[in-house]
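Grab your viewer and work through the exercises below. Try each task before you read its solution.

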Amino acid sequence: MPAILGIDLGTTNSLIAVMDHSSPRVIADQATANKDSAATLLPSVVAIAPDGSVETGRRAVEMEPHLTVEKNGAVSAVGFPGAEHGAVIRSVKRYMGLGGAEIAPEDRARYTFADLSGPVVRFQVGHRIFTPPQISAEILKALKHRAERALGESVDRVVITVPAYFNDGQRQATKDAGRLAGLEVVRLVNEPTAASLAYGLGKMAEGKVAVYDFGGGTFDISILNIKEGIFEVLATNGDTHLGGDDIDNAVVDWLLTGLPDELRRERRVWNSARAAAENAKKILTDKAEAEIALELPGGRTIGKTLSRAQLEEIARPFVARTLERCAMALADAKLAAADIDAVVLVGGSTRMPIVRRDVAAAFGREPLCSIDPDQVVALGAAVQAGVLMGTQGDMLLLDVVPLSLGIETMGGVMERLVHRNTTIPTSVTEKFTTAVDNQTHVDIHVVQGEREMAADCRSLARFKLGPIEPQPAGLARVAVTFLIDANGILNVSARDERTGREHSVDVKPSYGLSEEEIERMLEESIDLGEQDLERRMLIVARNDADQILAALHKQLSEYHNLIDRSERARIEELMSRLEAARVGEDRQLIAGLVEELNDQSTPFAERIMDAAIKHALEKKSVEQVS
Amino acid sequence: MVECPSCGRRQEPHLTCASCAAPLGVELDCFEALSLPKRLAIEDEALERVYHDLSRRIHPDRYAQAPAGSRDASMRSTALLTRSYRTLRDPVSRGLYWLELRGQKLSDDNKSVPPEIADMVFEVQEQLAESREAKREHRAESADLAAGLEDRRVVLQTAMNGYQTALRGNFVMWDMDRQSQQELISELKLILSNIAYLRTLMRDVDHGLVELKAA
């Protein structure tokens, strides 16, 4: 069986990891020269050009409308100027599985939408329309390709992590994204629980463990009991709309204070300010002050100094909200902070000193952060993939459902069938009967949430039981089983108590994509023809060939004085062989020639580099003299 | 008789197959699911050990690569196992379930306040009424009232602990004494209804405290 991989599909960054023997490892992007840990992070950013072509990650970030300072000092705008030309979408996770009415006001203003009233938000890009799972699928495809390139084998099955506090619809949307990316999602795992697996694997955390997961867009707290390889979640709580992004946005507000509204609302200005805010926040992890310089159109400049104390003032209310959630989780687990044996920090936002300090104070102990907080969730997802492959021996995760599930009863009251923090998979069977004579259908409305009235909870699905044989009222008995699977997703089945016959249940989700819509998207998917790995590897090899051929053509004409005749002849001979192979279908041959050409031209490339450095130094000394 | 979805062998219903050990995916009562005798006294640690051990063997994570029939049975059996564990882990819900297996329901004769705690119920209701009034009239003594409620909560918790201990103690006795089934049932019902009332009172007090603090 081919390996199952682990994916952390984050709000800000996404990663993919694999089990290497018995330890997990994140897979870096081989296409970048960058060999530090940043190469393992794929920015969760998708750029869609007017012709429908898609870029992801760093290349998508470059296409985002922002301001750039030219060499002559002029400020110019780069990237797509507006939705009619293309769009760059970041933080798509904030839109997953939500209906238009549920989107936060600041998230509504960020993009152009075709539909903000239906059960699924739809992004408008030129004449095209995209749903959040389609955008997420592009991120998943990029990770899939990255892993296939690194491992040299096809990747078809994955574990994907989701915030523990994701509701049913958000989970379903994540599964849909996987399907649209051509992946079988073997399991959805909660992010904090995944992190606990990574820590628990090395026995770095045991007993009662609190996992504090403060990411780019979401916050989760999970309390676990880790004992002899069993990872039992006792309680979980969180906020799917609370993350480092919110702190960045608050810094942007501070940065742009006093500017006219039309300038503040300008997408390019806002994007540049957001990047500056994020950067300042990172600097303040180690330093006491960060200088922010923001160039605006029309030659105006904002220069401000942000101190760590100021940043902490801005961040404090957000951190306080996370601690309220921690207290709720502890109460649900029937534990006091003093009962906790270890606190684990997960997510990029836990790098902020204020977060570390306040969490330490709340739990009365120094938190653990020995595993990179950006990587730990992906590593844990790979460990869970190992469990599912049967290679992780005795480890077993017993997770919970984060929100109560119930049905709407008479008078609109929510009758709770599954309480929050119930271990999954779990099922409950409820008996329904008819209220009037000869009734042939019973309508059932399933909701999720903690409020008393169904209208205040989130609608999950509606379905009709039946057809029921016409009988006097109250005689028919239909047993409906609500089963929440190990992914935290609801499955419904129904059986006629009298006849024992299974009823078909046509569950209509209140939010999200219908089965037909997904099928249609799969058919329309442009690169479905590219699914074949061999085909894709061939394209990659051809691209590599094009790159090296173009570079060498240019260098051979520009730096003809740096190469002698025999070396030139040898390189040109290889180049013509590669040009011939490139139009063929033999990937091995193309890849082999690229490698050979690379080896043969390295001394020449080094001479060019030396010359360039020498030239730059000479120029500098001339300038210094004058 | 049921058929094992993994190996096809026909057998009496159990959590796992007698021949291939795969989960059968059939419904059982909570005691049967955990292979426990139908007794009221259960040791917490032993229960957790059985639950963990069975989970390790039948959980869907162990059947991720199995055929659909086995996967489905694993999911259903694990759901049953988890539900059984939760029901039996808490002494109160265990007692209620034990009654249910004998066709007895607490709600049948739980209409009136149990005499043992009638005084307490009355006092709590007065306290809560007072704090609601103070809140409505924006009076400043809310700190005193809150302290009063906090004290009350401690008293309720102590009473609760007492009943819980009595419940556990009696479990052992009841298990041994098989003679007076009817007496046992009414005794069990009495303690359980006291506990149920105390729980409601504690929830009301907590609610009252939240209201006072919000004011």
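## Exercise 1: a charged pair and its network

A:D107 has a relative accessible area of 2%, so it counts as buried (buried means under 20% relative accessible area, exposed over 50%, partly exposed in between, with a 1.4 Å probe and protein chains only). Before going on, note that this is a predicted model, where local features need pLDDT of at least 70, side-chain atom pairs count only at pLDDT 80 or more, and totals for chains, interfaces and linings use all residues. Residues are numbered from 1 along each chain as its sequence is written, chains are lettered from A and ligands numbered from 1 in the order in which they are written, and side-chain values use heavy atoms, with hydrogens and water left out.

**Task.** Find which residue forms a salt bridge with A:D107, and which residues are joined with A:D107 into one network.

**Solution.**
- Step 1: apply the criterion, a side-chain nitrogen of Lys or Arg within 4 Å of a carboxyl oxygen of Asp or Glu.
- Step 2: the partner is A:R110, with the closest N and O atoms 3.6 Å apart.
- Step 3: check the cover on the partner; A:R110 is partly exposed at 22% relative accessibility.
- Step 4: follow the shared partners, and A:R94, A:D107, A:R110, A:D245 and A:D246 come out as one network of salt bridges.

## Exercise 2: two more salt bridges

**Task.** Place the salt bridges A:E567 to A:R607 and A:E573 to A:R577 on their helices.

**Solution.**
- Step 1: in the A:E567 to A:R607 pair, the closest N and O atoms are 2.7 Å apart.
- Step 2: A:E567 sits in helix α14 (residues 565–582) of chain A and A:R607 in helix α15 (residues 587–625) of chain A, so this pair ties together parts 40 residues apart in sequence. Helices here are DSSP runs (H or I, at least four residues), strands likewise (E, at least two), numbered from the N terminus.
- Step 3: A:E567 is buried at 9% relative accessible area, while A:R607 is partly exposed at 30%.
- Step 4: A:E573 and A:R577 meet at 3.9 Å, N to O. Both belong to α14 of chain A, 4 residues apart, or about one turn of the helix.
- Step 5: A:E573 is partly exposed at 41% relative accessibility, and A:R577 is partly exposed at 40%.
- Step 6: for scale, a search of the whole structure turns up 45 salt bridges over all chains.

## Exercise 3: a covered strand

**Task.** Work out how strand β1 (residues 4–9) of chain A is covered and which strands it is joined to.

**Solution.**
- Step 1: 6 of the 6 residues in β1(A) are buried.
- Step 2: A:I4, A:G6 and A:D8 point one way, and A:L5, A:I7 and A:L9 the other. In a regular strand the side chains alternate between the two faces of the sheet.
- Step 3: β1(A) runs parallel to β13 (residues 157–162) of chain A, with 5 bridges (pairing takes at least two DSSP bridges between two strands). The bridge partner of A:D8 in β13(A) is A:T161.
- Step 4: β1(A) runs antiparallel to β2 (residues 13–20) of chain A, with 4 bridges. Here A:I7 stands opposite A:I16, and the two strands form a hairpin with 3 residues between them.

## Exercise 4: an open sheet

**Task.** Which strands stand at the edges of the sheet β24-β23-β27-β28-β32 of chain A?

**Solution.**
- Step 1: this is an open sheet of 5 strands with antiparallel pairing.
- Step 2: β24 (414–418) and β32 (508–509) have a single partner strand each, so one side of each lacks a neighbour in the sheet.
- Step 3: further in, 7 bridges join β27 (residues 442–448) to β28 (residues 458–465), and A:V446 stands opposite A:A461.

## Exercise 5: the largest core

**Task.** Say which residues touch the most other members of the largest nonpolar core, and which element gives the largest share.

**Solution.**
- Step 1: a nonpolar core is a set of buried Ala, Val, Leu, Ile, Met, Phe, Trp, Tyr and Cys residues joined through side-chain atoms within 4.5 Å.
- Step 2: this one has 57 residues, and B:L88, B:W98, B:L156, B:L167, B:W174 and B:L188 touch the most other members.
- Step 3: α7(B) gives the largest share, 12 residues.
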